[in-house]
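I wanted to go through this one with two things in mind: the nonpolar packing and the charged pairs. Here are my notes, in the order I looked things up.

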Amino acid sequence: MTAVTNPHVPAAPATDPSFTPPSLGKRFGALIIDWLLCVLVSNFFADPIRDSWAPVLVLVLVYGFFLGLFAQTPGMYITKIRCVNWHDGGRIGVLRGLIRGLLLALVVPALIMDEHRRGLHDRFANAVIVDAPRG
């Protein structure tokens with residue numbers, strides 16, 4: 001008996017030799033969109049100019065919620081990328097989304113990347129950014 005694979009489900013990035021990460025431009029574009037949204041949202045409960053912690057807190061919470069449940073933040077949706085589990089291609093979950101967001105807020109972990117453009121925040125959360133499936 002042979003194993004049946006679903007051609008509509010992409011292979012896990014860790015086991016796909018043809019995996020190519022999305023451009024840094026898409027990732028940075030998504031981050032800028034998310035940051036602007038977080039600054040706007042933080043206006044409801046703080047002054048983001050005076051209270052610089054407010055947009056950062058919103059960013060961490062947005063990453064935890066959206067990556068954990070939908071594998072995409074609003075910025076990632078617009079730039080057509082997703083954040084998935086490195087080993088199985090599924091969602092990373094809320095806790096790992098929060099951890100990834102917290103490390104991203106520290107900036108430096110995001111700058112140290114491997115050959116798959118996985119920053120330290122991605123590796124610690126066992127995640128990877130991939131192009132979103134079409135259609």
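**Cores.** By nonpolar core I mean a set of buried Ala, Val, Leu, Ile, Met, Phe, Trp, Tyr and Cys residues joined through side-chain atoms within 4.5 Å. Note to self: this is a predicted model.

I pulled up the largest nonpolar core, and it has 16 residues. Y63, L67, M76 and C83 have the most contacts inside it. Then I checked where the residues come from: α1, α2 (53-70), β1 (81-85) and β2 each supply at least two. Helix α2 gives the most, with five residues.

I took M76 as a probe and listed its contacts, skipping residues up to four places away in sequence. Among them are Y63, L67 and C83, plus A30, I81 and I129. The list is not purely nonpolar in name: M76 also touches D34, R82 and R100.

There is a second, separate core of five residues, including F19, V84, W86 and V128.

**Salt bridges.** How many salt bridges does a search of the whole structure find? I got four.

K26 pairs with D131, with the closest N and O atoms 3.1 Å apart. I liked this one: K26 is in helix α1 (residues 24-42) and D131 in strand β2 (residues 127-131), 105 residues apart. Both ends are partly exposed, K26 at 30% relative accessible area and D131 at 39%.

R27 forms a salt bridge with D122 at 2.9 Å between the closest N and O atoms. This pair also links distant parts of the chain, helix α1 to helix α6, 95 residues apart. Buried or exposed, R27 and D122? Both came out buried. I also found R100 tied in, as R27, R100 and D122 are linked in a network of salt bridges.

D51 and R50 meet at 3.1 Å, N to O. The two ends sit in opposite classes: D51 is buried at 16% relative accessible area, whereas R50 is exposed at 63%.

**The odd arginine.** Next I went to R118, in the loop between α5 (108-111) and α6 (120-124). R118 is buried yet has no salt bridge. Why not? The nearest side chain of opposite charge, D114, is 4.2 Å away, and a salt bridge needs a side-chain nitrogen within 4 Å of a carboxyl oxygen, so the pair does not count.

What does R118 touch, leaving out residues up to four places away in sequence? I listed W86, I112, M113, R123, N126, A127 and V128. Two of those names, W86 and V128, were already in my notes as members of the second core.

Key. Residues numbered from 1 in each chain as written. Predicted model: local features only at pLDDT ≥ 70, side-chain atom pairs only at ≥ 80, totals over all residues. Heavy atoms only, no water. Helix = DSSP H or I, 4+ residues; strand = E, 2+ residues; numbered from the N terminus. Buried < 20%, exposed > 50% of the residue type's maximum accessible area, 1.4 Å probe, protein only. Lys, Arg positive; Asp, Glu negative; His and termini not counted. Contact = heavy atoms within 4.5 Å.
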